[in-house]
Amino acid sequence: LAKENGKNSFRFYNTELHAILARKMKLEHELRRAIERSQFKLSYQPKVELRTERIIGMEALLRWEHPELGIVSPAEFIPVAEETGQIVAIGNWVLERACEQNKAWQDKGYPPLCISVNVSVRQFQHREFLMSVRSVLQRTGLSAAYLELEITESIMQNVKESTDVLHALRKMGIGVSIDDFGTGYSSLFIIPKLPIDTIKIDKSFIDDIDDRVQLSMLKTIIDLGLSLNLGVVAEGIESEHQRQVLVAHGCPVGQGYLYSRPVSPEAFEEMLSAARAAGTGSNTCPDIAN
Ligand code: C2E
Ligand code: MG
Ligand code: MG
Ligand code: MG
């Protein structure tokens with residue numbers, strides 16, 4: 001009987017594994033035509049000054065709507081696109097669309113805001129990355145001061161090369177933020193050495209804000225950022241309680257469902273409109289402000 005069970009569970013794993021691989025191959029295949037078939041869209045989530053709740057920027061987040069697969073989460077397809085290299089073309093599309101949108105809002109007379117765009121490691125390390133960024137700014141006419149790139153700690157696998165690219169971006173006037181900070185393997189001590197502008201603290205610290213140890217790490221990261229004159233952003237704020245703890249510990253900026261989920265460009269523009277009517281627009285990037 002045991003033997004039979006073993007055999008069954010082997011067959012089960014085999015089927016599971018097969019399903020996972022089949023899904024991955026399907027995504028890979030479908031990703032190839034997603035751009036030309038206009039299946040990608042960007043959503044925008046506001047970044048908010050925590051004390052005043054003013055919108056001071058936004059993050060562009062990629063959405064994939066496939067006619068048959070439905071909405072595929074970036075958490076699922078970005079890693080596939082990274083692996084196959086498709087992320088380079090997809091990343092360029094995102095960058096162009098986000099800059100174009102931000103420029104369009106500025107041209108409509110909304111107070112200029114900084115747009116944050118996620119950049120994956122493979123895209124960042126591509127030899128034509130700097131050239132693509134430069135040409136996107138040229139084509140869209142967006143000033144570099146209103147673009148921030150979010151990268152993760154994993155670029156530190158190549159410290160030397162990555163630092164050179166960071167310096168070049170900074171020279172162009174583009175802001176750089178370390179996303180999901182605290183989840184990777186790099187140490188706190190690397191932060192003062194990096195030419196970056198902002199630390200974005202990972203949502204897990206905000207989720208566990210009532211845990212004594214997590215809170216003390218959160219405080220350490222905030223203090224480090226502030227003492228280096230970096231922007232500090234908390235991601236994934238969902239409750240008023242979390243907001244208050246963050247404010248009490250000096251965290252200047254945040255983002256999360258408490259304020260808004262990522263929304264369509266039309267819905268984001270309505271928020272801009274409302275902010276303008278209330279006279280609460282802002283014209284600085286968190287990093288430019290200090
Ligand atoms: P991320 O850059 O850390 O983005 C934050 C994620 O947290 C987003 O998920 C956002 O919708 C979600 N989020 C924001 N506030 C809250 C909150 O209060 N509660 C909860 N539960 N979630 C919140 P999303 O849009 O599914 O994106 C997941 C990840 O996929 C992103 O994490 C980023 O790493 C990647 N990604 C998204 N768009 C792009 C892109 O254009 N390029 C690249 N390379 N990666 C992208
Ligand atoms: Mg991000
Ligand atoms: Mg993040
Ligand atoms: Mg994250």
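This passage describes the aromatic contacts in a predicted model. Eight aromatic pairs are counted.

Y44 and F268 form one of these pairs. Their ring centres lie 6.2 Å apart, and the planes meet at 45°. The geometry is therefore tilted, since stacked pairs need planes under 30 degrees apart and edge-to-face pairs need over 60. The contact links distant parts of the chain. Y44 belongs to strand β1 (residues 40–49), whereas F268 belongs to helix α10 (residues 265–277). The two residues are 224 residues apart. Y44 counts as buried because its relative accessibility is 0%. F268 also has 0% relative accessibility, so F268 counts as buried.

F268 has a further aromatic partner, W105. The centres of the W105 and F268 rings are 5.2 Å apart. Their planes stand at 35°, so this pair is tilted. W105 lies in helix α3 (residues 87–107) and F268 in helix α10, so the contact ties together parts that are 163 residues apart in sequence. Both W105 and F268 are buried. F268 thus pairs with Y44 of strand β1 and with W105 of helix α3.

An aromatic cluster is also present. Its members are F40, W64, F77 and W93.

A contact between a charge and a ring involves R261 and Y257. The charged end of R261 sits over the Y257 ring. The distance to the ring centre is 3.9 Å.

Methods
Residues numbered from 1 in each chain as written. Chains lettered and ligands numbered in written order. Predicted model: local features only at pLDDT ≥ 70, side-chain atom pairs only at ≥ 80, totals over all residues. Heavy atoms only, no water. Phe/Tyr/Trp six-rings, centres within 6.5 Å; stacked < 30°, edge-to-face > 60°. Helix = DSSP H or I, 4+ residues; strand = E, 2+ residues; numbered from the N terminus. Buried < 20%, exposed > 50% of the residue type's maximum accessible area, 1.4 Å probe, protein only. Lys NZ or Arg CZ within 6 Å of the ring centre and 35° of its normal.
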